[in-house]
Amino acid sequence: MEDVSDPENSWPLLSWLASGVIVFGGVLPYIPQYQEIQRSSSADGFSTWVCLVLLVAYILRIFFWFGKLFELPLLLQSMVMILTMLAMLHLCCSVQSVNRVSTKRHFFTDFDLQYFWKWSRFVDYLQFCLFFTVLCSFVTYVFMDAYIFVEGIGFMAVLTEAMLGIPQLLKNFQNRSTQGMSVKMVLLWTVADCFKTSYFIINQTPAQFWLCGLLQIGIDTTILLQVCFYKQWPHAKPG
């Protein structure tokens with residue numbers, strides 16, 4: 001009988017568990033948000049710009065995979081998160097269409113930058129994703145053999161994802177308060193980013209991943225420092 005306590009036997013199981021967390025763990029924070037939007041029939045508390053950032057980041061990551069093969073769980077994570085963001089957008093569009101007072105509608109094909117990512121229909125967001133994917137496909141096909149391009153697209157993908165916490169950081173600074181922000185959410189971000197960055201380093205993924213993972217941890221930590229700062233000195237402005 002094999003000794004399950006043997007590190008050599010338990011390591012594959014731990015590796016599978018870690019991969020599972022990487023693939024599906026990013027979905028978890030959006031489940032309560034999805035339920036809240038359904039319950040309240042309002043999407044006002046959720047920024048669809050989060051969906052834009054993650055859609056761009058994960059579409060770019062998929063094309064990076066074709067140029068530089070990396071861990072399969074990270075590719076699967078990208079696909080899962082794209083579907084998750086599309087599900088969030090679909091729900092937001094459905095709720096907004098019910099609550100919409102104005103009869104004026106905006107479409108992707110209007111090509112009006114003033115209403116970019118403020119379209120009226122879910123299909124407009126799908127059209128943007130299709131357009132962006134086709135554009136990336138063409139550019140990647142042309143420059144696939146260029147080392148700088150492949151490394152650059154990988155860096156853009158993870159850097160875009162790493163910037164997800166910046167809007168919250170700036171909002172706290174402008175408001176000089178963290179009131180209304182979920183500290184638990186930021187703590188979960190920090191734990192997830194620490195786990196993810198450790199996974200990147202252990203599995204020797206391309207440097208773009210763990211470098212931007214460290215950047216995400218830095219942004220998370222800065223937001224938590226804001227919580228402490230504004231709690232001690234409410235309405236104070238650093239510096």
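Which helix is V142 found in? I looked this up at the start, keeping in mind that the model is a predicted one, and I found V142 in helix α5, which covers residues 122–143.

**Entry 1: the surface around V142**

I then asked whether V142 is buried or exposed, and since its relative accessibility is 47%, V142 counts as partly exposed. I noted that V142 belongs to a nonpolar patch on the surface, together with F138, Y141 and F143. The accessible area that I recorded for these four residues together is about 510 Å².

**Entry 2: the chain as a whole**

I stepped back to the overall make-up, where I counted nine helices and zero strands, so that my notation for the chain, read along the sequence, is α-α-α-α-α-α-α-α-α. Of the 239 residues in the chain, I found that 37% count as buried. For the accessible surface of the chain I have a total of about 14500 Å², with 67% of this belonging to carbon and sulfur atoms. I also looked at contacts between residues at least 6 apart in sequence, and 72% of these join residues at least 24 apart.

**Entry 3: helix α9**

How many residues does helix α9 have? I read 26 residues for α9, from 207 to 232, and a reach of 38 Å from the first C-alpha to the last, which is close to the 38 Å expected at 1.5 Å a residue. I listed the buried residues of α9, among them Q208, F209, C212, G213, D220 and Y230. When I checked what the buried residues of α9 pack against, I found α3 (49–67), α4 (72–99), α6 (147–162), α7 (166–175) and α8 (183–202).

**Entry 4: L54 in helix α3**

I moved to L54, which is found in helix α3, and I put L54 down as buried because its relative accessibility is 3%, against a limit of under 20% for that class. Which residues is L54 in contact with, leaving aside its neighbours within four places in sequence? My list reads Y30, M81, M85, E161 and L164. I also recorded the C-alpha to C-alpha distance from L54 to A157, which is 9.1 Å in space although the two are 103 residues apart in sequence.

**Entry 5: aromatic rings**

A search of the whole structure gave me 17 aromatic pairs. I examined F116 and W119, an edge-to-face pair with 5.4 Å centre to centre and 85° between the planes. F116 is partly exposed because its relative accessible area is 24%, whereas W119, at 5% relative accessibility, counts as buried. I then turned to F229 and Y230, which also form an edge-to-face pair, with 5.3 Å centre to centre and 80° between the planes. Here I noted F229 as partly exposed at 25% relative accessibility, and Y230 as buried, with a relative accessible area of 5%. I further noted one aromatic cluster, whose members include W49, F108, F116, W119 and F132.

**Entry 6: salt bridges**

My search of the whole structure for salt bridges returned five. In one of them, the side chains of K68 and E151 meet at 2.9 Å, N to O. K68 lies in the loop between α3 and α4 and E151 lies in helix α6, so I read this pair as tying together parts that are 83 residues apart in sequence. K68 is partly exposed, with a relative accessible area of 30%, while E151 counts as buried at 15% relative accessibility.

I also recorded a salt bridge between the side chains of D124 and R121, again with its N to O distance at 2.9 Å. D124 counts as buried at 0% relative accessibility, whereas R121 is partly exposed, with a relative accessible area of 29%.

How far apart are the closest N and O atoms of K196 and E161? I found 3.2 Å for this salt bridge, and I noted that the pair links distant parts of the chain, K196 being in helix α8 and E161 in helix α6, 35 residues apart. Both ends are buried, K196 with a relative accessible area of 9% and E161 with 8%. Following the shared partners from there, I found that salt bridges join R61, E161, D193 and K196 into one network. As a cross-reference to my fourth entry, E161 is also one of the residues in contact with L54.

Notes: Residues numbered from 1 in each chain as written. Predicted model: local features only at pLDDT ≥ 70, side-chain atom pairs only at ≥ 80, totals over all residues. Heavy atoms only, no water. Helix = DSSP H or I, 4+ residues; strand = E, 2+ residues; numbered from the N terminus. Expected span 1.5 Å × (residues − 1). Buried < 20%, exposed > 50% of the residue type's maximum accessible area, 1.4 Å probe, protein only. Contact = heavy atoms within 4.5 Å. Patch = residues over 30% accessible without salt bridge, like charges linked within 9 Å, V, L, I, M, F, W, Y side chains within 5 Å. Areas by Shrake-Rupley, 256 points an atom, 1.4 Å probe, with all protein chains shown as cover. Phe/Tyr/Trp six-rings, centres within 6.5 Å; stacked < 30°, edge-to-face > 60°.
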